[in-house]
Amino acid sequence: AHLHIDIFSHDLEPRLYDNTDFADAIKAFVLKGNHTQARILVTEPDYVNKNGHRLIQLSRHLTSYMELRKTHEDYIKNPAAFLLADRRGMVYRTMASHYAGIANFNAPLSVAEHLQFFDEAWNHSRQYTEFRRLHI
């Protein structure tokens, strides 16, 4: 990805997203340019926050480039999980509870369809205050 990464996840799947390699890749991505952005929607943020996660820690340090939100209740029943890159590529699983899925790095029409859902869910969702660190 060069500009945009959008992730829709139920629990920020630790096997996929909670590892040093992925965290380093996201950090390098968001720091490489002024217009890069990573948006992450999480359906079950209490579970993620309770168990800790590298992306949450990273987002606390890179607030200008990364934002995590709790998925609005109207969108949590979507069983899928996906990562969209630059409005062109995607990794998509129809069932978030299964690791079987597809990866297509040149699928602008499919990505546009999923991005429409993501943008709508994003606009209705709000920042989850528990993801933020309170400095006193």
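**Loops, buried residues and a well-connected arginine**

Arg87 sits in the loop that runs between β4 (81-85) and β5; helices (H or I, at least four residues) and strands (E, at least two) are DSSP runs here, numbered from the N terminus. The model is a predicted one, with local features requiring pLDDT of at least 70 and side-chain atom pairs counted only at pLDDT 80 or more, while totals for chains, interfaces and linings use all residues. Residues are numbered from 1 along each chain as its sequence is written, and side-chain values use heavy atoms, with hydrogens and water left out. Although Arg87 is not a glycine, its phi is positive, at about 60°. Its relative accessibility of 37% puts Arg87 in the partly exposed class, the bracket between buried (under 20% relative accessible area) and exposed (over 50%), with a 1.4 Å probe and protein chains only.

Zooming out, the chain is built from five helices and seven strands. Walking along the sequence gives the order β-α-α-β-α-α-β-β-β-β-α-β. The radius of gyration comes out at 14 Å, close to the 14 Å that the globule rule gives for 136 residues, so the chain is as compact as a globular protein of that length; the radius is taken over C-alpha atoms, and the rule is 2.2 Å times the number of residues to the power 0.38. Along the principal axes, the C-alpha atoms fill a box of roughly 45 × 35 × 30 Å.

Of the 136 residues, 41% count as buried. Contacts (heavy atoms within 4.5 Å) reach far along the sequence: among those between residues at least 6 apart, 74% join residues at least 24 apart. The chain exposes about 8100 Å², with carbon and sulfur atoms supplying 50% of it; these areas come from the Shrake-Rupley method with a 1.4 Å probe. As for charge, the mean positions of the 16 positive and 16 negative charges lie 4 Å apart, counting Lys and Arg as positive and Asp and Glu as negative, without His or the chain ends. Each charge is placed at NZ of Lys, CZ of Arg, CG of Asp or CD of Glu.

Back to individual residues, starting with the loop between β1 (4-9) and α1, where Leu12 is found. Leu12 has a positive phi of about 45°, again without being a glycine. With a relative accessible area of 0%, Leu12 is buried. His10 belongs to the loop between β1 and α1 too, and is buried at 12% relative accessible area. The His10 side chain has two backbone oxygens to talk about: that of Asn78 lies 3.0 Å from one of its polar atoms, and that of Ala80 is reached at 3.1 Å. Both are polar contacts, meaning pairs of N or O atoms within 3.5 Å; within protein, one must be able to donate a hydrogen and the other to accept it, and residues adjacent in sequence count only if both atoms are side-chain atoms. Beyond four places in sequence, His10 touches Val42, Thr43, Glu44, Ile76, Asn78, Pro79, Ala80 and Ala96.

One of those partners, Thr43, is itself in a loop, the one between β2 (37-42) and α3 (45-51). Thr43 is buried as well, at 11% relative accessible area. Leaving out residues up to four places away, its contacts are Phe8, Ser9, His10, Thr71 and Ile76.

Helix α1 (residues 14-17) contributes Tyr17, which counts as buried at 8% relative accessibility. Tyr17 and Leu55 are 38 residues apart along the chain, yet their C-alpha atoms are separated by 7.4 Å. Neighbours within four places aside, Tyr17 is in contact with Ile7, Ser9, Leu12, Phe22, His53, Leu55, Phe82 and Leu83.

Then there is Arg93, in strand β5 (residues 89-93). Arg93 is buried, at a relative accessible area of 5%. Its side chain makes a polar contact with the side chain of Glu13 at 2.4 Å, and a polar atom of that same Arg93 side chain lies 2.9 Å from the backbone oxygen of Ala96. Setting aside neighbours within four places in sequence, Arg93 contacts Glu13, Leu16, Ala80, Ala81, His98, Tyr99, Ala100 and Gly101. Ala80 thus appears in the contact lists of both Arg93 and His10. Between Arg93 and Leu83, 10 residues apart in sequence, the C-alpha to C-alpha distance is 9.3 Å.
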